[in-house]
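Reader: Please show me the structure, and then let me ask how its terms are used.

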Amino acid sequence: MNNKINIKAAGKTFGDGEGGIVALQDVNLGIASNEFVTFVGASGCGKSTLLRCIGGLESLSSGSIEIDGAAIDGPGVDRAMVFQHYSLYPWLTVTENIKFSRLLRAGREDITSADVEAASGRADALINLMGLNHVRDAYPNQLSGGMQQRVAIARALLPRPQILLMDEPFGALDAQTREVMHDLILHVSKLEKTTIVFVTHDVEEAIYLGQRVVVMAPRPGRIDSICPVDLPEKRDQDMKLSPGFLQQKKAILTRIRETAGMRTDYELLERMTRQAEQQNDMQ
Amino acid sequence: MSSRHKIFAGWNSLWVIRGHLSRQTYLMFALAGMLLPLGAWWGVSVSGWMDKVFMPGPVDVLARTYTWFMDDDLMSDIWISTYRVVAGFTLSAVLAIPLGLMIGTYRPVQAMLEPLTDFIRYMPAVAFIPLVMLWVGIDESSKIAIIFIGTFFQMVLMVAEDVRRVPITQIEAAQTMGANRSEIVSLVIVPSAKPALLDTLRVTMGWAWTYLVVAELVAANSGLGYSILRAQRFMQTDKIFAGIILIGLIGLAIDQLFRWLHRKNFPWMYKK
Ligand SMILES: Nc1ncnc2c1ncn2[C@@H]1O[C@H](COP(=O)(O)OP(=O)(O)O)[C@@H](O)[C@H]1O
Ligand SMILES: [Mg+2]
């Protein structure tokens, strides 16, 4: 198959022997070019680990990850990453942050002034695309969380990566800002033709953004199921209330609950309620 | 609302936990904090409670500072002491910053040097003085060596800690953008740790002054610390007071200089 990313029998164990944690076990997945895949699952099921392995920040214990058929070995400029927070450089302005990758020597020995020119044009384009024009000379700590994530995304996109890896990038934002960011990132995905791998713990976000939602399960971290999303390509916030959407959301939530092994102990809650009532009666 | 009630509410609002003071109120409290001890000192000295020989008043100390300046070459004492501090401190910083950077960045360096540094740090610097005097004699270099011993090992560990505090996501973001090792150090770790490093320098500068006095008390024939010691021999308590206060004032001035440098170099930390 002609996949952009091929994850083959990927395994990752932290530590060894008895105390070793199997963060990933036999993960197999193909991701097509320009696909938007989202990963959900209970916390600790290995979502971040898998994303970091694709990014080359972590190496697999077994199996392999291939980009265009070539096994990866460490980070590369073809794969950009957006973290949840604290990844911007507070001593650089918004524009300087976005252009940061231009400071790096890697892969630009034969750089020409035309390239630099083009990079500046690209930075301007991204600043406009991300709605950052009015804050281009501000420092990150002068910006709201949502604006900071816009900068982080623009910075990641500057070198035209083929793949964008995002680890709960909107996890710290309020609900309204998130909705704006969702439509923005969908727009970016279409415009830039990047393949996006997006990790989240928010099922609604996963369905709204993803063409496929990959549900992962913990202990050992593995893929539980893959759910193709049946929504029109042009997303719209109202779809979140459509019966199809809600049905899929319920199905995925149920799956996560079942695999997480955490269940509400209704019996205990009932007992506690009864005790509290008794105490009230005695007074 | 009665005016008494209002005053009471205003008084109460000062004591909100982690509360806020207007600039004016803040300055008032700061001034009171400075003036009250000064007033108490003056009160004790004029009350005749304590013999003037042991407890000179603020006026005596000022007068002594003036004669020290006019007849006893105060400026050269200040100059030589400051020179020793700056020399010992600079030597310390020049070696401690790269070493701390290495310890905080590369695990093998940390494993090799950190336990050793930790151990030496607990050896009392003052106890090295006899050894230093045997090895380097009692010229300028011995004073500088003592200040160096007193500050260097602490500084290395603090620099290493500053470097380790650089958020890992800042480093990983650079890695995913294709930065190599030296680029990560020079473009991320160093600029990210710089503000903390300057604070570390500011704090260790204070310790350098402490070790200066120690060095001058035992192995010098000039400088503020030495003058304090000699004043004791001649029962010039007012000069002891003057020396101590002068060292405090110089220390305060240098501290303020570091804070100014911090604001000047890292404007992004002060914008909100
Ligand atoms: N650097 C690490 N060292 C040891 N264990 C780790 C490390 N990173 C992750 N783990 C463990 O691997 C499992 C998967 O973690 P992670 O990928 O962060 O999960 P998720 O992102 O889905 O919440 C967890 O049990 C976690 O404790
Ligand atoms: Mg995670």
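Reader: What makes a contact in chain A count toward the share from residues 24 or more positions apart?
Author: A contact means heavy atoms within 4.5 Å. Among contacts in chain A with a separation of 6 or more, 71% join residues 24 or more positions apart.

Reader: What kind of model is this, and how are its parts labelled?
Author: This is a predicted model, in which local features need pLDDT of at least 70, side-chain atom pairs count only at pLDDT 80 or more, and totals for chains, interfaces and linings use all residues. Residues are numbered from 1 along each chain as its sequence is written, chains are lettered from A and ligands numbered from 1 in the order in which they are written, and side-chain values use heavy atoms, with hydrogens and water left out.

Reader: Why is S48(A) said to make a polar contact with ligand 1?
Author: A polar contact is a pair of N or O atoms within 3.5 Å. An N or O atom in the side chain of S48(A) lies 2.7 Å from an oxygen atom of ligand 1, so the pair qualifies. A polar backbone atom of K47(A) is 2.9 Å from a ligand oxygen atom, and for a backbone N or O atom of C45(A) the distance is 3.3 Å.

Reader: Which element supplies the largest share of the shell around ligand 1?
Author: That is α1(A), with three residues; helices are DSSP runs of H or I with at least four residues, and strands are runs of E with at least two, numbered from the N terminus. Both β2 (21-31) and α1 (47-55) of chain A give at least two shell residues.

How values were computed: A polar contact is a pair of N or O atoms within 3.5 Å; within protein, one must be able to donate a hydrogen and the other to accept it, and residues adjacent in sequence count only if both atoms are side-chain atoms.
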